[in-house]
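Here's a quick tour of one protein chain for anyone who likes to poke at coordinates. Have the viewer open and follow along.

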Amino acid sequence: MRATPDMPDHDQTHTGAEAAQERAAVASQVLSPDTGAAAGPPPTPAGSAGQAHSHGAGADAQPASHLHPEGSFDLADHPVPTGREEVWRFTPLKRLRGLTDGSAEASGKVVVDVSAGPEVRVETVGRDDARLGSVHKPGDRVSAQAWTSFGQATVVTVPAEARPADPVVVTVRGEAAEGASYAHTFVDVQPYAEAVVVLDHVGSATYADNVELSVGDGAKVTLVSVQDWADDAVHAGHQALRIGRDAHVRHVVVTFGGDLVRLHSHLSYAGPGGEVEALGLYFADADQHLEHRLFVDHNQPHTRSNVEYKGALQGAGAHTVWVGDVLIRKVAEGIQTYEHNRNLMLTDGCRADSVPNLEIETGEIEGAGHASATGRFDDEQLFYLQSRGVPADEARRLVVHGFFADLIRHIGVPQLRERLMGHVEEELERSVGLPPASSTAVPASSGAAQEVGA
């Protein structure tokens, strides 16, 4: 059973043969200041003077978007945010513990453990490795701080045409919330390979990191990022994915834990024919701030993207933010894109901000649209269940199950399915008072561990 919040979907845009005549009007609406763009033109970075080495061409092809100005590896090019900027206006900066202004002491301890099959190569490399920075160029102060502060990086390589039987699991375990930790991860899935990669974040930490995923031509990749932090953790992360020609990527973000989690995902294409499926699931409890920002840059023709994020909120002070941006460049003819966010409010005192954006530079596309819905339980569904003898609390639990179940099944990683549903059950026990129907199963991992500090 699937619950649908009672607020109707909105903001759907489609273009066809008549788009040439309507292009000016569409651009005027999409690019107007009323869409939430930052006031005035974005600052122009001074360059990448702080780079220790030359980076790949992929990182230099930054989006020409007023919402996403060109990035820079130089920390000085990123002003300290004040909270009045468009990209920071939803974020409680004080709760980031100094990650935005450099005042956080780099004394934290985070251990990275990688479990992978024999065909997968795992390396610990220095900052001078030429692969680092070839996919991602920092676009804000926190990302730049993480770039300038990490000591060693974890590099995972799936060779061409390889098909590992088991997922590659990168476990990031924080051992204390005091002191900041910074890290960098690079995942290289080479042409025609097929792999599942899981980034599992657990424990207590004040953590900022950059993750890069390079997907070769014709490859098929599922990247799952699970934020299962302890209640006192703070995580500000950036994940950049570059999708090769005719490659298929499923990018999954699941967030349950942490005091504050702010994740920015940037997806772009290295050739035509690439497909992206971006799925997200989050459950915010009292006083939690969970923020997800997604940017899909259609910079190649005949590419596709489909975005679906679902969240639930309960408890006073629970706050979620979802910002979905799609840029369709002038060269991106024949593309198709759609993004959708749904939020289910379980109690009073919650707040869900949902902001879908489309920037369109060409009308020669197959279709583009977005939708957002936020609301409470569907009274008709609850009435239907209660009329058949299901108690009210059990009916509420079943409705929430239906809200998340389709998405969890669609993730396609059996090793995570029971664990994720177990988390949903635990959250429902707090608000509904019913015992969990399934236990939480955490997959064990083994392999070489790497400690990440300053």
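Where does Glu161 lie? You'll find Glu161 in the loop that runs between strand 3 (152-158) and strand 4 (168-189). Its phi is positive, about 65°, even though Glu161 is not a glycine. Most residues other than glycine have a negative phi. With a relative accessible area of 57%, Glu161 is exposed, since the cut-off for that is over 50%. Tyr192 has a positive phi too, near 65°, and is likewise not a glycine. Tyr192 sits in the loop between strand 4 and strand 5 (194-215).

**How far to trust it**

Keep in mind that this is a predicted model. The chain averages a pLDDT of 84, and 80% of the residues score at least 70. Over residues 1-63 the pLDDT is below 50, though that stretch still has 123 contacts in the model beyond near neighbours in sequence. Residues 434-454 also have a pLDDT below 50, with 61 contacts counted the same way. Where pLDDT is low, the predicted coordinates should not be read in detail.

**The overall build**

The protein chain has six helices and 17 strands. Of its 454 residues, 57% are buried. Take the contacts between residues at least 6 apart in sequence: 86% of them join residues at least 24 apart.

**Two buried strand residues**

Arg250 is found in strand 8 (residues 248-255), and Leu260 lies in strand 9 (residues 260-269). Here are their values side by side.

| Residue | Relative accessibility | C-alpha partner | Separation along the chain | C-alpha distance |
|---|---|---|---|---|
| Arg250 | 18% | Leu279 | 29 residues | 7.5 Å |
| Leu260 | 0% | Leu96 | 164 residues | 7.4 Å |

Buried or exposed: how does Arg250 count? At 18% relative accessibility, Arg250 counts as buried, because the cut-off is under 20%. Leaving aside neighbours within four places in sequence, Arg250 is in contact with Val221, Thr222, Leu223, Glu277, Leu279, His410, Ile411 and Gly412. Leu260, at 0%, is buried as well. Not counting residues up to four places away in sequence, Leu260 touches Pro92, Arg95, Leu96, Ala233, Val234, His235 and His289.

**Helix 5**

Two of those Arg250 contacts, Ile411 and Gly412, lead over to helix 5 (residues 392-411). Helix 5 has 20 residues and reaches 30 Å from its first C-alpha to its last, close to the 28 Å expected at 1.5 Å a residue. There is also a kink of about 35° in helix 5, and Phe404 is at its centre. Buried residues of helix 5 include Val399, Val400, Phe403, Phe404, Leu407, Ile408 and Ile411. An α-helix has 3.6 residues a turn, so residues three or four places apart point the same way. Just after helix 5, Gly412 takes a positive phi of about 80°. Back inside helix 5, Phe403 has a charged companion: Lys310 lies over the face of Phe403, at 5.1 Å from the ring centre.

**Aromatics and helix 3**

How many aromatic pairs does a search of the whole structure find? The search turns up six aromatic pairs. In one of them, Tyr309 and Trp322, the ring centres are 6.3 Å apart and the planes are at 45°, so the pair is tilted. Tyr309 lies in strand 12 (residues 304-313) and Trp322 in strand 13 (residues 319-328), so this pair ties together parts that are 13 residues apart in sequence. Both Tyr309 and Trp322 are buried.

Elsewhere, Phe73, Trp147 and Phe150 form one aromatic cluster. Trp147 also has a charge above its ring: Arg127 lies over the face of Trp147, at 5.4 Å from the ring centre. Trp147 is one of the buried residues in helix 3. Helix 3 (residues 141-149) is mostly covered, with eight of its nine residues buried. Besides Trp147, the buried residues are Arg141, Val142, Ser143, Ala144, Gln145, Ala146 and Ser149. What covers them? The cover includes strand 4, strand 5 and strand 7 (234-243).

Key: Residues numbered from 1 in each chain as written. Predicted model: local features only at pLDDT ≥ 70, side-chain atom pairs only at ≥ 80, totals over all residues. Heavy atoms only, no water. Phe/Tyr/Trp six-rings, centres within 6.5 Å; stacked < 30°, edge-to-face > 60°. Helix = DSSP H or I, 4+ residues; strand = E, 2+ residues; numbered from the N terminus. Buried < 20%, exposed > 50% of the residue type's maximum accessible area, 1.4 Å probe, protein only. Lys NZ or Arg CZ within 6 Å of the ring centre and 35° of its normal. Expected span 1.5 Å × (residues − 1). Bend = angle between axes of the 7 residues up to and from the residue. pLDDT = per-residue confidence, 0-100. Contact = heavy atoms within 4.5 Å.
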